[in-house]
Amino acid sequence: SGHVLEFFDSAGRCTDAIRIALHAAGIRFEDARLPRDEWKKFKATTDNCVYKSGLPVMTVEGKKYSQSAAHLRYAGRKGNLYSDDLCVN
């Protein structure tokens, strides 16, 4: 699909919101959940700086992005989930 969402293997408000937004936008993605003990080992050995700020990390067409608010904005823009009317009642 070209999209991978990596996060801890547990529920979390940010990641749940991202998953819902991706589904609402019709964006297919791989839901890659990492157990916390594996995350600690992975973070200690990776050279990719995007992981230094923690999870979630979303991969889009091979490029990795951090920051959950950016993931939500991406889903909103790609899925046309934003209203054109700034005065929505």
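**A histidine–tyrosine contact and its setting in a mixed four-stranded sheet**

The side chains of His-3 and Tyr-74 make a polar contact at 2.7 Å. The model in which this pair occurs is predicted. His-3 belongs to strand S1, which covers residues 3-8. With a relative accessible area of 9%, His-3 lies under the 20% cut-off and is therefore buried. Beyond its neighbours within four places in sequence, His-3 is in contact with Ile-27, Arg-28, Phe-29, Glu-30, Thr-59, Val-60, Glu-61 and Tyr-74. One of these residues, Val-60, is 57 residues from His-3 in sequence, yet the two C-alpha atoms are 4.7 Å apart in space. In the strand pairing, His-3 stands opposite this residue, Val-60 in S3.

The chain as a whole contains three helices and four strands. Along the sequence these elements follow the pattern β-α-β-α-β-β-α. The C-alpha atoms fill a box of roughly 50 × 25 × 20 Å along the principal axes. Of the 89 residues in the chain, 37% are buried. Among contacts between residues at least 6 apart in sequence, 61% join residues at least 24 apart.

The four strands form an open sheet in the order S2-S1-S3-S4, with mixed pairing. Its edges are strand S2 (30-34) and strand S4 (63-66), each of which pairs on one side only. On average, neighbouring strands of this sheet are turned by 20° against each other, direction ignored. Strands of a sheet pair through backbone hydrogen bonds, and the sense may be parallel or antiparallel. Between S1 and S3 the sense is antiparallel, over four bridges. The pairing of S3 (residues 57-60) with S4 is likewise antiparallel, and it also comprises four bridges.

Strand S3 thus has S1 and S4 beside it in the strand order. Val-60, the residue opposite His-3, stands opposite Lys-63 in S4. Thr-59 in turn stands opposite Lys-64 in S4. In a regular strand, side chains alternate between the two faces of the sheet. In S3, Val-57 and Thr-59 point one way, whereas Met-58 and Val-60 point the other way. All four of these residues are buried. The hairpin of S3 and S4 has two residues between the strands. In this hairpin Glu-61 takes a positive phi near 50°, and Glu-61 is also among the contacts of His-3.

Helix H1, residues 13-24, lies across S1, S2 and S3. The helix runs at about 160° to S1. Thr-15 is found in this helix. Because its relative accessibility is 0%, Thr-15 counts as buried. Leaving aside neighbours within four places in sequence, Thr-15 is in contact with Leu-5, Phe-7 and Pro-56.

Phe-7, a contact of Thr-15, also takes part in the aromatic interactions of the model. The structure holds five aromatic pairs. A pair of aromatic rings is described by the distance of the centres and the angle of the planes. The rings of Phe-7 and Phe-8 have centres 5.2 Å apart and planes at 65°, so this pair is edge-to-face. Phe-7 and Phe-8 are both buried. For Phe-42 and Tyr-51, the ring centres are 4.9 Å apart and the planes stand at 85°, so this pair is also edge-to-face. The members of the latter pair differ in accessibility: Phe-42 is partly exposed, with a relative accessible area of 30%, whereas Tyr-51 counts as buried at 3%. Ring pairs link Phe-7, Phe-8, Trp-39, Phe-42 and Tyr-51 into a cluster. In addition, the charged end of Arg-36 sits over the ring of Phe-8, at 3.9 Å from the ring centre.

Notes
Residues numbered from 1 in each chain as written. Predicted model: local features only at pLDDT ≥ 70, side-chain atom pairs only at ≥ 80, totals over all residues. Heavy atoms only, no water. Buried < 20%, exposed > 50% of the residue type's maximum accessible area, 1.4 Å probe, protein only. Contact = heavy atoms within 4.5 Å. Polar contact = N/O pair within 3.5 Å; in protein donor to acceptor, adjacent residues only side chain to side chain. Pairing = 2+ DSSP bridges. Axes fitted to C-alpha atoms, helices over the stretch in contact; angles between N-to-C directions. Phe/Tyr/Trp six-rings, centres within 6.5 Å; stacked < 30°, edge-to-face > 60°. Lys NZ or Arg CZ within 6 Å of the ring centre and 35° of its normal.
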